[in-house]
Number of protein chains: 2
Amino acid sequence: MTHAVSPLARPFPVIPPIAGVTLRVARAGYKDWGRCDLTYVELAQGTSVAGVFTRNVCCSSEVELGRANIAQGQARALVVNAGNSNAFTGYRGREAVEAIMDQIAAHLGCAREQVFVSSTGVIGVPLPKDKAQAGVAAALGAAPCSWQDAADTIGTTDTFAKGAMATAMVGGKTVTLGAIIKGSGMIAPDMATMLGYVFTDCAVAPAFLQDLLSTASARSFNCITVDSDTSTSDTVLAFATGAAGNAPLHGFDSPGADAFAAALHDVCLQLAHLVVRDGEGAQKLIAISVSGAVSNDSARRVGLAIANSPLVKTAIAGEDANWGRVVMAVGKAGEPADRDRLSIGFGGIWCAREGLPLSDYDEAPVAAHLKGQDVTIEVDLGLGQGRATVWTCDLTHGYISINADYRS
Amino acid sequence: MTHAVSPLARPFPVIPPIAGVTLRVARAGYKDWGRCDLTYVELAQGTSVAGVFTRNVCCSSEVELGRANIAQGQARALVVNAGNSNAFTGYRGREAVEAIMDQIAAHLGCAREQVFVSSTGVIGVPLPKDKAQAGVAAALGAAPCSWQDAADTIGTTDTFAKGAMATAMVGGKTVTLGAIIKGSGMIAPDMATMLGYVFTDCAVAPAFLQDLLSTASARSFNCITVDSDTSTSDTVLAFATGAAGNAPLHGFDSPGADAFAAALHDVCLQLAHLVVRDGEGAQKLIAISVSGAVSNDSARRVGLAIANSPLVKTAIAGEDANWGRVVMAVGKAGEPADRDRLSIGFGGIWCAREGLPLSDYDEAPVAAHLKGQDVTIEVDLGLGQGRATVWTCDLTHGYISINADYRS
């Protein structure tokens, strides 16, 4: 089943080659489809790796193994299987992942722990080992491909290929970050959601790369939601080959660390926004800015309560400035809030301030704002200095069609 | 806007008159509609009252006043306004509620605190005091009406009138419970959801009535969800007139207390199920039974995570035995779970046991079960003795149509 390209789609960016990163794709045939579905990325010796993973306790073997293998800090290869998530498949699923790791480790002459595997697709069907190994063999012999080819190949229900790029000056060297991501449903925060991969030629020590990735994730992937559902396979990995030749970054006292951190955050935020833009059935991108909370974390949780409210999401789909539903969502968030200090706005225009509808509220400019593709909701809790922005999409008939008509 | 009657509707039951309870309805004209929208219930002197209220911190003045007035334990009247929730309306909204209370207290010669008011409808528009007071005056002069008339009048987006009845033998007397409820959207648990009212001629001390209502709510209203959204006005009140002449119930050592508690729970569960049956867009009633949890509370939270998952709800709408989505929802619940002990079934047929899909799983009977209106999902966590059942409905195009086309 294919779906129309999201109206919120963005063109794939120009991402230059990144030294130490070679992309290849192949057909493993996990589903009966005429497309590549196995992505193989070879990484130069000495590549640092960091990762954030789903907090779903029913996670896949890929997630379990990846989480364990991050500890040793080095990566030589990444394999992404599309069409079968291999989650909830017991020992048979795990054997297939280990077979892929062993096959590539033998080919590269590296430790098995330096091979990272992700899988995405249906839950509960063991990844077919034969198809996986034949697919890996085909990928090992394939010609290198483009970023867009890789982005297309990791996708499943995605309606457009998603990538991001940034550069930074680090110790006199220009370093480049290139990244791809897939995901459009089963997208909820509080963990790394979806499958995302960031590659850079910057030299970064693994522990610091992990710190930076965790921080960037908290303000990007963990601030988006499509449907409040959380995949069993969600993974974001960052790989730093070091080929740019900068003095390796070990912490914020390393020259250029701030610039690299900013670029990494920028790339993660670009990726996160692209996932929301491909949210199943999305017609509008909604940015919810919460201020005046007792803390930034509290602001984020209030924002997510609004972003996950079906009644708010359907109101935006209907282009209805229904700020009462926003009040409701604030009140149910379980966070400190005071009805009589609460202010709500759309598109930068306040509808209600300090607990009361504005007597001179003019709905016309708000209605015009809601007709656009990019909608903003502003909430001020009037309690403290905490703030956060959270992104989601509207809830439309398209979401129902995609998810009720889908057959597992 | 009117919607087609839910396919899951039930006929209104036969509820006999309850001594000490007189129902009347009138037209306050809160909206431009040709129907009664104000319900007035007069209660005999000495009526005990208990209540459970929304935990939404942005609650209405009605909820604030009702919660405060429950403490004195006695009620003489109930007013329910339909079409305007009066929530988020500041002091003007509160003044309208107090005006209604004063008007009725003067009429009955009772304390203002013995008059309970609920309102349901749009948020953010102060209840018009003039219309309310004229409506109350009309109701005071109206002829008594039937239970079904009252149930129709408290409704807003409801597609059918909802009522329940039970009897019990208490100290040699037959006591009767009659109840009405409204609600079809913005329905989430963890509080008394919707507006529900239980009336009985049983004599029950206020404190014990509160204990019983809180307990019954925990296993009924707090175990249902339609859309995970939580109204700012949700209220369930129980009124006991004592006209049956039994020795008043003060605790479980009072003769007949167990029988009355069972009847109250029965009525609350009937009401809760009716709300789910009128869930916006509902085509199927889904009962989710969770066993093997570390506690009953944990089981309930796992059940609600499944019940609130858009992906599970759309799968049921699509009649798809997508047990992988149930695994996902279990894993994201934030409760103890072990992928390798988890079992999932539909309609009493296991699809996966102890972390593995069943090798001899036959989808045909499950598919047949899912084509029906009443769907069950069974989850065994394999960890302990905790169990709970949670009810919800499927997520369909109807929900989107109702909530995206609605104009505030």
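**Exercise 1. In this predicted model, which residue of chain A forms a salt bridge with Glu64(B), and how far apart are the closest N and O atoms?**

Step 1. The partner of Glu64(B) is Arg339(A), and the closest N and O atoms of this salt bridge are 3.4 Å apart. A salt bridge requires a side-chain nitrogen of Lys or Arg within 4 Å of a carboxyl oxygen of Asp or Glu, and the value of 3.4 Å for Glu64(B) and Arg339(A) meets that rule.

Step 2. To see how exposed the two partners are, take the accessibilities one at a time: Glu64(B) has 29% relative accessibility and therefore counts as partly exposed, whereas Arg339(A), at 11%, counts as buried.

Step 3. The pair crosses between chains, with Glu64(B) in helix H1 (residues 61–69) of chain B and Arg339(A) in the loop between H9 and strand E10 (343–346) of chain A.

Step 4. A network of salt bridges that share partners joins Glu64(A), Arg94(A), Glu98(A), Asp102(A), Arg112(A), Arg339(B) and Asp340(B).

**Exercise 2. Describe the interface between chain A and chain B, beginning with how many residues each chain brings to the contact.**

Step 1. Chain A brings 61 residues to the contact, and chain B brings 61 residues.

Step 2. About 4800 Å² is buried between chain A and chain B, and carbon and sulfur atoms give 60% of this area. Of the area that chain A buries against chain B, Phe88(A), Arg339(A) and Ile400(A) supply 17%, which is more than any other three residues.

Step 3. Turning to polar features, there are 2 salt bridges across the interface of chain A and chain B, and 11 residue pairs are in polar contact between the chains, counting pairs with both residues at pLDDT 80 or more.

Step 4. Several elements give two or more residues to the side of chain A that touches chain B, among them helix H1 (61–70), helix H2 (90–108) and helix H11 (397–405) of chain A. The largest share of that side, 8 residues, comes from H9(A).

**Exercise 3. How many aromatic pairs are there over all chains, and why is the pair of Trp147(A) and Phe199(A) classed as it is?**

Step 1. Over all chains, the search finds 10 aromatic pairs.

Step 2. The rings of Trp147(A) and Phe199(A) have centres 5.6 Å apart and planes at 50°, so this pair is tilted.

Step 3. Trp147(A) lies in helix H4 (residues 147–154) and Phe199(A) in strand E7 (residues 195–200) of chain A, so that the pair, 52 residues apart, links distant parts of the chain.

Step 4. Both residues are buried, Trp147(A) at 7% relative accessibility and Phe199(A) with a relative accessible area of 0%.

Step 5. For another pair, Phe208(A) and Phe252(A), the ring centres are 5.1 Å apart and the planes stand at 90°, so the class is edge-to-face. Phe208(A) belongs to helix H5 (residues 206–218), while Phe252(A) lies in the loop between strand E8 (235–240) and helix H6 (257–277) of chain A.

Step 6. Ring pairs also join Trp147(A) and Phe199(A) with Phe116(A) and Phe239(A) in a cluster.

**Exercise 4. What sits over the ring of Phe160(A), and which side chain meets Lys162(A) in a salt bridge?**

Step 1. The charged end of Lys162(A) sits over the ring of Phe160(A), 4.8 Å from its centre.

Step 2. The side chain of Lys162(A) also meets that of Asp158(A) in a salt bridge of 2.5 Å, N to O, and both Lys162(A) and Asp158(A) are buried.

Step 3. For another salt bridge in chain A, consider Glu319(A) and Lys371(A), which meet at 3.6 Å, N to O. Glu319(A), at 26% relative accessibility, counts as partly exposed, while Lys371(A) is exposed with a relative accessible area of 58%.

**Exercise 5. Where does Arg24(B) lie, and is Arg24(B) buried or exposed?**

Step 1. Arg24(B) is found in strand E1 (residues 21–26) of chain B.

Step 2. The relative accessible area of Arg24(B) is 15%, and because buried means under 20%, Arg24(B) is buried.

Step 3. A polar atom of the Arg24(B) side chain lies 2.7 Å from the backbone oxygen of Ala142(B). Beyond neighbours within four places in sequence, the residues in contact with Arg24(B) include Leu38(B), Tyr40(B), Glu42(B), Ala142(B) and Cys145(B).

Technical notes: Residues numbered from 1 in each chain as written. Chains lettered and ligands numbered in written order. Predicted model: local features only at pLDDT ≥ 70, side-chain atom pairs only at ≥ 80, totals over all residues. Heavy atoms only, no water. Phe/Tyr/Trp six-rings, centres within 6.5 Å; stacked < 30°, edge-to-face > 60°. Helix = DSSP H or I, 4+ residues; strand = E, 2+ residues; numbered from the N terminus. Buried < 20%, exposed > 50% of the residue type's maximum accessible area, 1.4 Å probe, protein only. Lys NZ or Arg CZ within 6 Å of the ring centre and 35° of its normal. Contact = heavy atoms within 4.5 Å. Buried area = accessible area lost by both parts, 1.4 Å probe. Polar contact = N/O pair within 3.5 Å; in protein donor to acceptor, adjacent residues only side chain to side chain.
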